[in-house]
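Dear colleague,

Please find below the structure that I am handing over to you. My findings follow it, so that you may read them with the model in view.

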Amino acid sequence: MFGKQLFEEVGSKISETIANSPAKDVEKNIKAMLGGAFNRMDLVTREEFDIQQQVLIKTRTKLAALEARLAKLEAAQNPERAALEAAEADAEEAVAETAPQAAAGE
């Protein structure tokens with residue numbers, strides 16, 4: 001009983017001493033200063049960043065699907081032009097694939 005009371009009393013005294021120490025004031029001032037700096041920097045939270053990243057992924061996926069659909073519709077309307085564009089796209093892909101290899105070989 002006496003030991004428990006002594007332990008609680010010592011714990012409360014230590015908490016009181018730390019709360020009233022200059023170190024606590026410095027900590028509060030630093031937190032306030034950093035908080036103000038972060039607010040001026042217009043930062044976003046990790047949650048907001050993750051949400052925007054998911055929106056971007058969804059938008060890119062939809063864009064790719066729409067581009068493929070458009071290419072299919074254009075091919076159905078003008079088969080000769082579609083064949084030419086397909087050949088150009090294949091050539092561009094081949095150049096894009098060889099460019100990193102050529103750069104690595106330099």
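**Findings: surface and charge**

At a relative accessibility of 55%, M33 counts as exposed. Please keep in mind throughout that this is a predicted model.

M33 has its place in helix α2, which covers residues 22-40. M33 also belongs to a nonpolar patch on the surface, which it makes together with V26, I30, L34, F38, M41 and L43. The area of this patch is about 690 Å².

As for the overall architecture, the protein has 4 helices and 0 strands. Read from the N terminus, the order of its elements is α-α-α-α. How much of the protein counts as buried? Of its 106 residues, the share is 2%. The exposed area of the protein comes to about 9,900 Å², and 61% of that area is supplied by carbon and sulfur atoms.

I turn next to the charged side chains. Side chains of opposite charge can pair when their charged atoms come close. The count here is 1 salt bridge. Which residues form it? The partners are R46 and D50, and their closest N and O atoms lie 3.3 Å apart. That distance satisfies the rule for a salt bridge because the cut-off is within 4 Å. Both residues sit in helix α3 (residues 46-77), and because they are 4 residues apart there, about one helical turn separates them. Is R46 buried or exposed? With 58% relative accessibility, R46 counts as exposed. D50, in turn, is partly exposed, its relative accessible area being 30%.

Finally, there is a surface patch of negative charge, in which E88, D90, E92, E93 and E97 gather. One of these residues, D90, is placed in helix α4, which spans residues 79-105.

I would suggest locating M33, R46 and D90 in the model as you read.

With kind regards

Key
Residues numbered from 1 in each chain as written. Predicted model: local features only at pLDDT ≥ 70, side-chain atom pairs only at ≥ 80, totals over all residues. Heavy atoms only, no water. Salt bridge = Lys/Arg side-chain N within 4 Å of Asp/Glu carboxyl O. Helix = DSSP H or I, 4+ residues; strand = E, 2+ residues; numbered from the N terminus. Buried < 20%, exposed > 50% of the residue type's maximum accessible area, 1.4 Å probe, protein only. Patch = residues over 30% accessible without salt bridge, like charges linked within 9 Å, V, L, I, M, F, W, Y side chains within 5 Å. Areas by Shrake-Rupley, 256 points an atom, 1.4 Å probe, with all protein chains shown as cover. Lys, Arg positive; Asp, Glu negative; His and termini not counted. Charge placed at Lys NZ, Arg CZ, Asp CG, Glu CD.
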